[in-house]
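User: I would like to go through the labels given to this structure. For each one, set the value against its cut-off.

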Amino acid sequence: MSEYFNVSDIFGENVFNDAVMQERLPKKVYKKMKEIIQAGGELDLATADVVAHEMKEWAIEKGATHYTHWFQPLTGVTAEKHDSFITAPMPTGKVLMSFSGKELIKGEPDASSFPSGGLRATFEARGYTAWDCTSPAFVRQDAAGATLCIPTAFCSYTGEALDQKTPLLRSMEAINEQALRLLRLFGNTTSKKVTPSVGAEQEYFIVDRNKYLQRKDLIFTGRTLFGAMPPKGQEMDDHYFGAIRERIAAYMRDVNKELWKLGVSAKTQHNEVAPAQHEIAPIYAECNIAVDHNHLIMETLKKVAGRHGLQCLLHEKPFAGVNGSGKHNNWSLTTDDGINLLEPGSTPHENIQFLLVLTCILKAVDEHAVLLRASAADVGNEHRLGANEAPPAILSVFLGEQLGDVVAQLISTGTATHSIKREMLETGVKTLPDFRKDATDRNRTSPFAFTGNKFEFRMAGSQASVAPSNVILNTIVAEAFCEACDILEQAEEFNEAVHDLIKQYAVEHQRIIFNGDGYSDEWVEEAKRRGLANVKSMVDAICAYTAPESIKAFEKFSVFTQTELESRVEIEYETYAKTINIEAKAMIDIAGKQIIPSVIKFTTALAASVNSVKAAVSDADVSVQAGLLKEVSALLAETKTALEQLIQAEAKGKEMEEGKDRAVYYRDVVKTAMEALRAPVDKLEMVVDKDMWPMPSYGDLIFEV
């Protein structure tokens, strides 16, 4: 029988949240902290000392012995260095447990081994972590005991951002300032802050850990580099929203419990389309906290899986032939007094403020489409984007029937006079109630879809941070708001000017609106006719970061300097080449040390069988065995040739200088050689005796959980 717990009793129990601060901090200190969290500003050392002491005492009560500045370097995962609360021993032999304000506010991890894109030389080791007090500290409990985790930003000795959090916080400040300007134009004098709200839906695969440990490709790369499809995949759609198996349900229960203790509002869980694929989604949170929470979700999914003898796979495409995993980034703008700027209301054609916000977003996405595509640049995502399981690599905006009609009216006549109303949907069953349907259906093929009172950016990869997507969304929309406000603040007659501007933006950027099937070939042709970019490869998207219009926007709002952007471009190219290189080396290792020896063993046994039968019967009676031996031998020869070609391609790639040319080479040459090696190996898997095949099959992995 599973342990009983009350969610309301445990939720946030390991978080140094507002309630804990209000209870433990002196009133003046608490008030000062609240002011800084809400409006910004520096925390003086005396106040920091008080906060640090109470945070330490609270953490020790939770069993903590160490603290860490928990940060997000440009590795795609989080990082931490643990220090204990122990100070120098006293003459009595006892030790004091202390934690100062200085230690809380700033840390100094070695920065030399983190990706910097040339911002730091190897011998320049100093880097700083700075406390982000807008994201609550928390105590993480695991096999290492309890650790106080302090969310921090991470920058170089010379001040450049070396992490995901710093530019995210900068972008949030930018959109807050510009959104407030827009609200003031409409007479709103009460809202003091506008914050992007984000809900990141997380997809993942779960497999048996013992089987996982028998697959070197999964261990080294997170995906299967070889593997033939089993007789059944996802064709029957029976896994999607299906009954959750008990072993997985027990795992999900423990994941939820861990997350709830950390204040992560995990709400939705279900089986996804592919066998062994699942999804978890939290309730919306402020952008910065939502990004931190998504990292906690990924870490918790992996950590808890091990306790259940399972392995969590966050790679975007761990299994070829079935759907991969993504991460839907739901984004909206909300004021401190509860106004959602993306709420159209029941009559959106009359909601002028909403229409300006909407057309500004259309403008932002149209003008920076490739940059937004670049925010989803992740090597694993290459296997998804553009396939019939994920949004196309073409950026477009889905508005739905109601808003699409309103915008069409603006484009054709300059004025919207009506909005499509919601209708009653009759069930046709007397015992079931009729219900009012939404004015707009959803479009799962759209990369950027309006879904009621938010936009859903569907391109992000499952293992990647959602910080880059939100940095770019915040910045490009801030730019659009700024340009609109510059015009409207100078207008002699505001109402006329705002109507003219809404129409202008709708007309100029209507090409980005598409409500149809994003998976269709017709859309690819139509997008090309409209002049929309179709950037299929991460390698081709990366350069958008340093396009003149991108640099202009980022520098205008102090989100990135040109140097920081150039460093990120270098890191992206380097990451791509390194990832493909690791995959190529793993294929070489597995093919040479496992697959080819196993196939030789099988052919040796098969040849012995042929000779044994020949001694007793005529040659005609051994045609089946002989034919199979010939087929396997031919595939083995093809495998050996492809392996040699991959070895040569990988060796040449390693000799090239880091940068775009090397990334292009790995994409065009090394990946092609990898595909050529995989093809005969997957055919061999279908004919070689299963007992002799050196690793668990797809069927073993995705159906036997």
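Analyst: The model is predicted, and the labels are taken in turn below.

User: Start with Glu583. Why is Glu583 called buried?

Analyst: Its relative accessible area is 3%. Buried means under 20%, so Glu583 qualifies.

User: Where does Glu583 sit, and which residues does Glu583 touch?

Analyst: Glu583 is part of helix 19, residues 562-614. Leaving out residues up to four places away in sequence, its contacts are Thr221, Arg223, Leu225, His315 and Met674. As for Thr445, 138 residues away along the chain, its C-alpha atom is separated from that of Glu583 by 30 Å.

User: How do you know that the span of helix 9 agrees with the expected span?

Analyst: Helix 9 covers residues 246-261, which is 16 residues. The expected span is 1.5 Å times one less than the number of residues. That gives 22 Å, and the end C-alpha atoms are 23 Å apart, so the two agree.

User: Which residues of helix 9 are buried, and what comes just after the helix?

Analyst: The buried set is Ile248, Tyr251, Met252, Val255, Asn256, Lys257, Glu258, Leu259, Trp260 and Lys261. Just past the helix, Gly263 has a positive phi of about 80°.

User: Now the rings. How many aromatic pairs are there in the whole structure?

Analyst: The search finds 21.

User: What makes Phe186 and Phe494 an edge-to-face pair?

Analyst: Two values decide this. The ring centres are 5.3 Å apart, and the limit for a pair is 6.5 Å. The planes meet at 85°, and over 60 degrees counts as edge-to-face. The pair is therefore edge-to-face.

User: Why can the pair of Phe186 and Phe494 be said to tie together parts of the chain?

Analyst: Phe186 lies in the loop between helix 6 (165-185) and strand 9 (194-208), while Phe494 belongs to helix 15 (residues 494-508). These parts are 308 residues apart in sequence, so the pair links them.

User: Why is Phe186 called partly exposed?

Analyst: Its relative accessibility is 25%. Partly exposed runs between the 20% and 50% cut-offs, so Phe186 falls in that class.

User: What makes Phe448 and Phe455 a stacked pair?

Analyst: Their centres are 4.6 Å apart and their planes differ by 5°. Stacked requires planes under 30 degrees apart, with centres within 6.5 Å. So the label stacked holds for Phe448 and Phe455.

User: Are Phe448 and Phe455 buried or exposed, and which cluster holds them?

Analyst: Phe448 is buried, at 0% relative accessibility. Phe455 is buried too, also at 0%. Both belong to one aromatic cluster, made up of Phe354, Phe448, Phe450, Phe455 and Phe457.

User: How many cavities of 30 Å³ or more are there, and what volume has the largest?

Analyst: There are four. The largest has a volume of about 60 Å³.

User: Which elements line the largest cavity, and how does its lining divide by class?

Analyst: Strand 9 and helix 10 (287-307) each give two or more residues. Helix 10 has the largest share, with four. The lining has seven nonpolar, two polar and no charged residues. Among the lining residues are Val198, Ala200, His293 and Asn294.

User: What about the second largest cavity: which residues line it, and how many are charged?

Analyst: Its volume is about 50 Å³. The lining consists of Ala369, Val370, Arg373, Ala393, Leu395, Leu532, Ala533 and Val535. Seven are nonpolar, none is polar and one is charged. Arg counts as charged, so the charged residue is Arg373.

How values were computed:
Residues are numbered from 1 along each chain as its sequence is written. This is a predicted model: local features need pLDDT of at least 70, side-chain atom pairs count only at pLDDT 80 or more; totals for chains, interfaces and linings use all residues. Side-chain values use heavy atoms; hydrogens and water are left out. Buried means under 20% relative accessible area, exposed over 50%, partly exposed in between (1.4 Å probe, protein chains only). Contact means heavy atoms within 4.5 Å. Rings of Phe, Tyr and Trp (its six-membered ring) pair if their centres lie within 6.5 Å; planes under 30 degrees apart count as stacked, over 60 as edge-to-face and the rest as tilted. On a 1 Å grid over the protein atoms alone, a cavity is a set of points where a 1.4 Å probe fits but cannot get out, and a pocket is an open set with protein on both sides within 12 Å along at least five of seven lines; lining residues have an atom within 4 Å of a point. Grid points are joined across faces, edges and corners, and a volume is the space filled by probe spheres set on the points.
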